[in-house]
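Here is a walk through one protein chain, written for someone meeting it for the first time. Have a look at the sequence and the 3D view, then read on.

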Amino acid sequence: MTVTQAAPLVKTSASRPGERRWSVLALLCLALLLITVDATVLHIAVPALTAALEPSAVQLLWIIDVYSLVVAPLLIMFGTLGDKYGRKRLVLCGFVLFGLASAGAAFAPTPLTLILARALLGVGGAMIMPATLSLIRQVFTDRRERAVALGIWSAVAAAGAAVGPLVGGVLVGFWWGAVFLINVPILLVLLPAAVRLLPDSPVRRDRPWDAAGAALSVVGLLALAFGLKEAGSGTLMPMWASLLVFLAGAGLLVAFVRRQRRLAVPLLELGLFRRREFTTGVTGVLLGVFALVGLQLMLAQYLQLVLGDSPVRAAVRMLPLVLSAICGGLAAAHILPRLGLRATMSGGLGLVALALTPTLSWGVEGHPVMLAVCFVGIGFGVQVALLAASDTIMSAVPESRAGGAAAIEETAYELGAGLGVAVLGTVTAIAYAPALTAVPGVPATRMDEARQSLASAAHVAHQVGGSAGQALLDTARWAFVNALHTTVVVSVVLLSLTAVAVAVLLRRP
């Protein structure tokens, strides 16, 4: 993934017409868009998915979250494998796996099958994503052109998560499986184009690869996420067992860190974290994506299940978030030189916290204007903060270590998406279940099912019907709103503390 490894191909890529390089960029950005959109495309599809497959609360969280949580720990691993066996080969294999997994997810008959298909989607995405950035660095040999190309890549990576619910809202109107099946024809076009356009990269089979470290990171992160989810839901195991799984995951990650420090060629360049600016930038990326993706899921459910919007209407009402994120990316280039990294990054995070605050006074009534204003603040603030954080990361390291820094930034993107859904989803579940009190006319077993999630409550209310079903739905909506308030408070506190930390830790230019 490093720039130096791409040196033998510089003359080859530079001798091609300029249009070839930009065609490669377009292909890689479209592939990247597929990967990032898939992280959030299900947010709008949750009610339709719940009605079709009837997953439990923990299964629903895994369906949504397993993709990002599989992608994140595999990015570093596949980045080094691309350096060892060739990036083009890895991208082509990733395209095939992503297409097969998309077809499998579209026709999944059970929640478990869908979880496994989403996990395979994550593996395919992790094979493609790090190679996109490395190949851009390889084919754009001119420093100025490369800066433009990397800026486009960054905008696509950040905007993909925001576009996901919009795509999901349009497609779920036809059939929930369409949110996955749409990937197949796109990949059938991308695969032959990639064979023709993508350049070969040097193969270094003698490069050491830490298989044990890769296993520690993957199993550790998944155990951490599983323990966190089960602690909030208690669906599969008691609280004490969930905590043991969580602690085991933390222990495996500690062992991974210790192992990386001992290796001459580690999977993760932990030495970069000794730089205060670098660590602050990575934290900013992690928290920015954490807030964007986690809150998108909660607010998408609020629009559909509390306010009663259709999937398409909910997607359209979230459009200000997408547009403001794009505007934030364009504006950040002009804001950064004037305000500096510290003010831009902390200001962006602070704006997101401020934009969330009005939602704490909302109930089950609609606030169309203020909702749009809040979405604008969230999208603009997150994107400004993310671009400032990315600039901070790349400015904090020498060019010789830019590959390792980029790999860590990519991992922070995906880990932030996974943790956003895991943590905020768990907080919402913990606050929602006890707030949903017994409703006369609804059996206790059905109440237990309704307490798993608001989507489950809506499904139960539809089956019960009559005045009891309507009473259950009304009670569940208020319980979810109260849980959403708790989740927003957690988000506001985390974002505010991070904004203050950035203002304190980053040095003045």
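Let's start with helix α18, which covers residues 454–464. Its buried residues are Leu454, Ala455, Ser456, Ala457, His459, Val460 and Ala461. Keep in mind that this is a predicted model. Right after α18 comes Gly465, which has a positive phi, near 70°.

What does α18 pack against? One partner is α19, with the two at an angle of about 170° and their axes 7 Å apart. Since that angle is over 145°, α18 is therefore roughly antiparallel to α19. On the α18 side, the residues that meet the partner helix are Leu454, Ala457, Ala458, Val460, Ala461 and Val464. On the α19 side they are Gly466, Ala468, Gly469, Leu472, Leu473, Ala476, Arg477 and Phe480. Sorted by class, the residues of this contact come to 11 nonpolar, two polar and one charged.

Arg477 is worth a closer look. This residue sits in helix α19, and its C-alpha lies 7.1 Å from that of Leu454, although 23 residues separate the two in sequence. Which residues does Arg477 touch, once those up to four places away in sequence are set aside? They are Leu305, Val306, Val364, Leu454 and Gln470.

Helix α19 runs over residues 466–505, and another of its packing partners is helix α12, residues 276–306. Here the angle is about 165° and the axes are 10 Å apart, so α12 and α19 are roughly antiparallel to each other too. The crossing of α12 past α19 is left-handed. By class, their contact holds 16 nonpolar, six polar and two charged residues.

A good residue to follow in α12 is Tyr302, which belongs to that helix. Is Tyr302 buried or exposed? Its relative accessible area is 4%, so Tyr302 counts as buried. Leaving out neighbours within four places in sequence, Tyr302 is in contact with Leu307, Trp362, Gly363, Glu365, Phe480, Val481 and Leu484. Take Val481 from that list: Tyr302 and Val481 are 179 residues apart in sequence, yet 7.7 Å apart in space, C-alpha to C-alpha.

There's another helix pair to visit, this time made of α5 (residues 87–106) and α9 (residues 183–197). They pack at about 165°, with 9 Å between their axes, which makes α5 roughly antiparallel to α9. Their crossing is left-handed. From α5, the contact takes in Lys88, Leu92, Phe95, Val96, Phe98, Gly99, Ser102 and Ala103. From α9, it takes in Asn183, Val184, Leu187, Leu190, Leu191, Ala194 and Val195. The residues of this contact divide into 11 nonpolar, three polar and one charged.

Here are the helix pairs side by side.

| Helix pair | Angle | Distance between axes |
|---|---|---|
| α18 and α19 | about 170° | 7 Å |
| α12 and α19 | about 165° | 10 Å |
| α5 and α9 | about 165° | 9 Å |

Now for two residues elsewhere in the chain. Val170 is found in helix α7, residues 143–172. With a relative accessibility of 42%, Val170 counts as partly exposed. In sequence Val170 is 143 residues from Arg313, while in space the two are 8.9 Å apart, C-alpha to C-alpha.

Glu54 lies in the loop between α3 (46–53) and α4 (57–85). What stands out in the backbone of Glu54? Its phi is positive, about 50°, although Glu54 is not a glycine. Glu54 is partly exposed as well, with a relative accessible area of 47%.

Let's step back to the whole chain. How many helices and strands does the chain have? The count is 19 helices and zero strands. Of the 509 residues, 57% count as buried. Among contacts between residues at least 6 apart in sequence, 82% join residues at least 24 apart.

Finally, a word on confidence. The mean pLDDT of the chain is 79, with 85% of its residues reaching 70 or more. Over residues 1–18, pLDDT stays under 50, and the model has 34 contacts beyond four places in sequence for that stretch. Where pLDDT is low, predicted coordinates should not be read in detail.

Key: Residues numbered from 1 in each chain as written. Predicted model: local features only at pLDDT ≥ 70, side-chain atom pairs only at ≥ 80, totals over all residues. Heavy atoms only, no water. Axes fitted to C-alpha atoms, helices over the stretch in contact; angles between N-to-C directions. Helix = DSSP H or I, 4+ residues; strand = E, 2+ residues; numbered from the N terminus. Parallel < 35°, antiparallel > 145°, perpendicular 65-115°, else oblique. Left-handed = near helix turned anticlockwise from the far one by under 90°. Nonpolar A, V, L, I, M, F, W, Y, C, P; charged D, E, K, R; others polar. pLDDT = per-residue confidence, 0-100. Contact = heavy atoms within 4.5 Å. Buried < 20%, exposed > 50% of the residue type's maximum accessible area, 1.4 Å probe, protein only.
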